[in-house]
Amino acid sequence: MTLESPEHDAPQPTPAHLSEVGAALYRDAVDGYDLTIPELAALLQAAETVDTLRTLQNAIDETGPVVGGRPNPLLPEARAQRAILVRLLGLLDLRLDGDDAEAGVRPSASRAARKAARTRWNNVSRATN
């Protein structure tokens, strides 16, 4: 089941609360890919996470990696935010510039095709044994 909105072809406005960096990520992805509603939600979260990481990194840069002889307490949060960003970007699975794939084709389509081919091959192999 695919959720379609009547404005599906209408350009998605960039959320006003995003910083310049988060907004650039959001705009580039929306302009470059045909995203589903769940992908748009993940993209928004990724852009917000980029903004959070920027804020955390600025604070770490101001106070330094060591505060009062101990590791800066913001370091674990920055690490957690990076992990979240990696997961969100993995969900989106956007093709990076310079990939060998054709323009507009996501790597997930290739991976899905390879997985389907392996499954078919394994089913054929089991059937002939």
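Good morning. I shall begin with the largest nonpolar core, which has 21 residues; those with the most contacts inside it are Tyr26, Val30, Leu35, Leu43 and Leu94. Helix 1, helix 2 and helix 3 are the elements that give two or more residues to this core. Its largest share, nine residues, comes from helix 2. As general background, nonpolar side chains in soluble globular proteins tend to be buried together. Please bear in mind throughout that this is a predicted model.

Let me take one member of that core, Val30. Setting aside neighbours within four places in sequence, Val30 is in contact with Gln12, Leu35, Leu40 and Leu43.

Now the overall arrangement. The protein has four helices and two strands, and along the sequence these follow the pattern α-α-β-β-α-α. Of its 129 residues, 25% are buried. The protein exposes about 9300 Å², and carbon and sulfur atoms supply 56% of that area. If we consider contacts between residues at least 6 apart in sequence, 49% of them join residues at least 24 apart.

I turn next to helix 2, residues 37–63. At 1.5 Å a residue, its 27 residues should span 39 Å, and its end C-alpha atoms are indeed 39 Å apart, so the two values agree. Which residues of helix 2 are buried? They are Glu39, Leu40, Ala42, Leu43, Ala46, Ala47, Thr49, Val50, Asp51, Leu53, Leu56 and Ile60. You will note that Glu39, Thr49 and Asp51 are among them. These buried residues pack against helix 1, residues 20–32, and against helix 3. After helix 2 comes Gly64, which has a positive phi near 90°.

That brings us to helix 3, which covers residues 74–92. Helix 3 has 19 residues and reaches 27 Å from its first C-alpha to its last, close to the 27 Å expected at 1.5 Å a residue. Its buried residues are Ala78, Gln81, Leu85, Leu88 and Leu92. Where do they lie around the helix axis? Seen down that axis, the buried residues fall within an arc of 85°, so they line one face of helix 3. The face turned away from this buried side carries the exposed residues Arg79, Val86, Arg87 and Leu91. What covers the buried residues of helix 3 includes helix 2. Just after helix 3, Asp93 takes a positive phi of about 50°.

I should like to close with the pairing of these two helices, taking Gln81 as the example. Gln81 lies in helix 3. Why does Gln81 count as buried? Its relative accessibility is 12%, and the cut-off for buried is under 20%. Apart from neighbours within four places in sequence, Gln81 is in contact with Thr49, Thr52, Leu53 and Leu56. Of these contacts, Thr49, Leu53 and Leu56 appear in the list of buried residues of helix 2.

Thr52 also has its place in helix 2. At 33% relative accessibility, however, Thr52 counts as partly exposed. One further distance concerns Thr52 and Arg82, which are 30 residues apart along the chain: their C-alpha atoms are separated by 9.7 Å.

To restate the main point, helix 2 provides nine residues of the largest nonpolar core, and its buried residues pack against helix 1 and helix 3. Thank you for your attention.

Methods
Residues numbered from 1 in each chain as written. Predicted model: local features only at pLDDT ≥ 70, side-chain atom pairs only at ≥ 80, totals over all residues. Heavy atoms only, no water. Expected span 1.5 Å × (residues − 1). Buried < 20%, exposed > 50% of the residue type's maximum accessible area, 1.4 Å probe, protein only. Arc of directions from axis to C-beta. Contact = heavy atoms within 4.5 Å. Areas by Shrake-Rupley, 256 points an atom, 1.4 Å probe, with all protein chains shown as cover. Core = buried A, V, L, I, M, F, W, Y, C linked by side-chain atoms within 4.5 Å.
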